[in-house]
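Here are a few exercises on aromatic pairs and the nonpolar core, each with a worked solution. Have the model open as you go.

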Amino acid sequence: MQLQQSAPVKTPAQKVVVWEAFDATDPMTKAASQLYEQTLAADERIPWMWIEQSVQDRTKSKPRPGGWSRHLLLAAPEGRQDDPNALAGYVYGALLPGYGGYLCYVGVAEWARRMGVGGRLYEQFFKVLRVDAGELGEPLPFVIWESHRPDPLAPAADWENWTARTRLFDRVGGLWVDGVDFLSPNFAADEEDDDVPPVPLQLFVKPLDSPESAFTPERLREVVGGLHERVYHNQPGSALYDSTLPVGCEPRLRPARVAGAQKSERGELV
């Protein structure tokens, strides 16, 4: 999850509007594909065609009972919703029935930073998932998302961007799952290459219909394990699952801004 783009464009501050994409051929949806590739590293993102397919599927029929309800939301300054050059950001995610909400990807153009775009995308995404859960007659206990923390020796600019992201997570009510490095498959790797290491991600949870106090270490292990099982199809006993949740793992929720601290080479927050 990144909040940057090369080639900034100056735009006067104005109201930002958010809407859902329903047409995969719309120029704004096409612009989102470009921003998606600019704001996410190749090893962290799924092929855009999968997201495009989910947009196409929503125009044909409602999700099947028990299936994911996927959404691609776009943001732009008011009055410029038809201008691909004005696309300020996107968010993509889904409601997973019987589990909770999963925010897969979010990106904000560099020129649109400090315009409140990220916050608008998160808040609208939460509202959309509440509607989905209400239609199913289910609670929405939480929304979970991932973000890639820089390497301890990464340039200062990478750490500044990471700190800005965790501050945004704070503002939208996200809490850091401390004690877990979630190991995700490397999507840039060849399927037959077993030597490519997984991508370590930090997890953030926004409690909704479940209070923060309900997220005990045991409950958090269930949430993290459920993410592996429901999204990545990893079961207990698989390398990524067991390495993410080793024996004795005791995750806890902490303010997202704490995750913004830099890790030393020994793994300590500094």
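**Exercise 1.** In this predicted model, decide whether Phe142 is buried or exposed, then classify how its ring meets that of Tyr99.

*Solution.* Start with accessibility: Phe142 has a relative accessible area of 0%. The cut-off for buried is under 20%, so Phe142 is buried. Tyr99, at 9%, counts as buried too. Next, take the rings: the centres of Tyr99 and Phe142 are 5.0 Å apart, with the planes at 85 degrees. Planes over 60 degrees apart count as edge-to-face, so that is the class of this pair. Finally, place the partners: Phe142 sits in strand β5 and Tyr99 in the loop between β3 and β4, 43 residues apart.

**Exercise 2.** Work out which parts of the chain are tied together by the pair of Tyr36 and Tyr105.

*Solution.* The model has 14 aromatic pairs. In the one formed by Tyr36 and Tyr105, the geometry is edge-to-face, with 5.4 Å centre to centre and 85 degrees between the planes. Tyr36 belongs to helix α1 and Tyr105 to strand β4, so the pair joins parts 69 residues apart in sequence. Tyr36 is buried at 1% relative accessible area, and Tyr105 is buried at 8%.

**Exercise 3.** Find which helix gives the largest share of the largest nonpolar core.

*Solution.* This core has 80 residues, and Tyr105, Tyr122 and Trp145 are among those with the most contacts inside it. Its largest share, eight residues, comes from helix α3. Domain 1 and domain 2 each supply at least three residues to the core. Now look at the rings: Tyr122 and Trp145 also belong to a cluster linked by ring pairs, together with Phe126, Trp162, Phe169 and Phe204.

Conventions
Residues are numbered from 1 along each chain as its sequence is written. This is a predicted model: local features need pLDDT of at least 70, side-chain atom pairs count only at pLDDT 80 or more; totals for chains, interfaces and linings use all residues. Side-chain values use heavy atoms; hydrogens and water are left out. A nonpolar core is a set of buried Ala, Val, Leu, Ile, Met, Phe, Trp, Tyr and Cys residues joined through side-chain atoms within 4.5 Å. Buried means under 20% relative accessible area, exposed over 50%, partly exposed in between (1.4 Å probe, protein chains only). Helices (H or I, at least four residues) and strands (E, at least two) are DSSP runs, numbered from the N terminus. Domain bounds come from an automatic or database domain assignment. Rings of Phe, Tyr and Trp (its six-membered ring) pair if their centres lie within 6.5 Å; planes under 30 degrees apart count as stacked, over 60 as edge-to-face and the rest as tilted.
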